[in-house]
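Biologist: I would like a close look at the empty spaces enclosed inside this protein, and at the helices around it that pack together. Could you take me through them slowly, as you would for someone new to structures?

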Amino acid sequence: MRGRCGAARPAPALGLVYGAAAALTVYALGDTLWYGVTEPGVALAFGALVTLGELFRWGVRGGPSALPAEREPAPLGAAGALAYALLGQNAGQPTVHGVPQVVAVVVAAALAGAVPHVAAGHGHALDHVARRVLTVAFAAVCFQPLYNCGLWGKWVGHGPYHALLLLLLLALTALCDAVLAAAMARARTGYPYGPLLRDELRALLGIGSAVCATGAVMALGVAVTGLWALPVFCVPLLLTQLSFRRYAAVRTTYRQTIASLARATEIAGHTPQGHAHRVALLSRAVGRELGLSEPDLTVLEYAALMHDIGQLSLLDPVPAGATAFLPPAEQRRIALLGGAVVRQTGVPAEVAVVVERQADPYREQSLPARIVRAVNAYDDFSGESGGGLGGPLSALEQLRLGTCRDYQPEVVESLARVLSRGGPALSPPG
């Protein structure tokens, strides 16, 4: 992908992930085809489970550049794949499948489950498959060779230490997956790696821990009772995924409600069409560039959407809605009016505080307020809000000239970096 400066953004980490996943896939499929599938019934059962889990990801949102909460997970497919990688017995009988067969079965099942998503235009589903291949291969390499040669049973046995080490191995596998997800997001977006990894690790405490625990329980259950344990342990994860979808639907509705409320200034003719949406998208991108956490990004997005709502209280509309051209005292008055309106909407108080403080000198502001002020001024100065001074370059120059008092230099430079990469994609509001 190319930014506005025309330079291609390199993504070596993404190439390494795809290359490693492709190499593992070719080796695993070749080995399995050459030697044949051992225990085909077990392989078919786990393959069907992984495929079912991937198919249940209908409504998947966001690519690898999205935050964890913006991506719908596939807990059933992940737990099934990890359970197969850590399967040592089936109804008390030792299994003999190795690492190549584990990878081959998971790849085939994941690709089969990804077909509907790719057909629906979710090209990032292949990124999900690449991560699945590498994480499952890691778990299988750590367990299968030791178990098949008897060292696992000799060192660990089949008692409580066996279950404990399985959980530890799954935790390490989840950590590897978080590292991969953050690296791919970094390669796609150019955002700082540390905050991306922090958000991925925070997500592990939620559904990630449920996936790890269920994967271990599946492997232990099949070892004792056979394949009939799989449908029993599928039910909790299916219910978890349904709950996640309901939560995501509520969150989407809430965001759409705020976006609709923010459009009141556009409907009333106080601000140009799309101004609040552009400021929100660009503010969120700058916030991620500066390493804000996911909760802070949500507050930032809502405040950016509603930053101009104070103009509804004005008797005389601001020309073209461009508040950046007003005297500082008038900007602060409109910001305080906006904060008062926001406090009556039921939106979290943190959002109202950002709206109220957006016109203060940046040394007295929180980082979200600094971002909203700079991005709003950029949209005003660039001409996209109807009062520009000559386009994006002139707008950035105006912001840099105001860094002595009005705009934080780090925010302005982060905004420039986001714009140099092409800026965020402008999707429809809400």
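Modeller: What follows goes through the enclosed cavities and then turns to two pairs of packed helices. Please keep in mind that this is a predicted model, and that what I describe is computed from it.

Rolling a probe the size of a water molecule over the atoms shows where empty space is left. Counting those of 30 Å³ or more, there are four cavities, and the largest of them has a volume of about 150 Å³. Its lining is made up of 13 residues, and those closest to the centre of this largest cavity are T323, Q331, Q358, A359 and N376. Two helices deserve your attention here, since α13 (328-343) and α15 (367-381) each supply at least two residues of that lining. If you sort the lining of the largest cavity by class, you find six nonpolar, five polar and two charged residues.

The second largest cavity holds about 50 Å³ of space. Ten residues line the second largest cavity, and P195, L196, D199, R288 and L292 lie nearest its centre. Helix α8, which spans residues 193-225, gives the most to this lining, with three residues. By class, the lining of the second largest cavity has seven nonpolar residues, one polar residue and two charged residues.

Helix α8 also leads us on to the packing of helices. Two packed helices are described by the angle between their axes and the distance between the axes. Helix α7 (residues 160-189) packs with α8 at an angle of about 145 degrees, and their axes are 8 Å apart. The crossing in which α7 passes α8 is right-handed, and the residues of the contact of α7 with α8 comprise 22 nonpolar, two polar and two charged ones.

The other pair is formed by helix α2 (residues 40-55) and helix α4 (residues 99-119), whose axes come within 8 Å and cross at roughly 30 degrees. Angles under 35 degrees count as roughly parallel, and α2 and α4 are therefore roughly parallel to each other. As α2 passes α4, the crossing is right-handed. On the α2 side, A43, G47, V50, T51, E54 and L55 make the contact, and they meet Q101, V105, A109, A110, A112, G113, P116 and H117 in α4. Taken by class, the contact of α2 with α4 has eight nonpolar, five polar and one charged residues.

Definitions and conventions:
Residues are numbered from 1 along each chain as its sequence is written. This is a predicted model: local features need pLDDT of at least 70, side-chain atom pairs count only at pLDDT 80 or more; totals for chains, interfaces and linings use all residues. Side-chain values use heavy atoms; hydrogens and water are left out. Axes are lines fitted to C-alpha atoms, for helices over the stretch in contact, and angles run from 0 to 180 degrees between N-to-C directions. Helices (H or I, at least four residues) and strands (E, at least two) are DSSP runs, numbered from the N terminus. Angles under 35 degrees count as roughly parallel, over 145 as roughly antiparallel, 65 to 115 as roughly perpendicular and the rest as oblique. A crossing is left-handed if the near helix is turned anticlockwise from the far one by less than a right angle, and right-handed if clockwise. Contact means heavy atoms within 4.5 Å. Ala, Val, Leu, Ile, Met, Phe, Trp, Tyr, Cys and Pro count as nonpolar, Asp, Glu, Lys and Arg as charged, and the others, Gly among them, as polar. On a 1 Å grid over the protein atoms alone, a cavity is a set of points where a 1.4 Å probe fits but cannot get out, and a pocket is an open set with protein on both sides within 12 Å along at least five of seven lines; lining residues have an atom within 4 Å of a point. Grid points are joined across faces, edges and corners, and a volume is the space filled by probe spheres set on the points.
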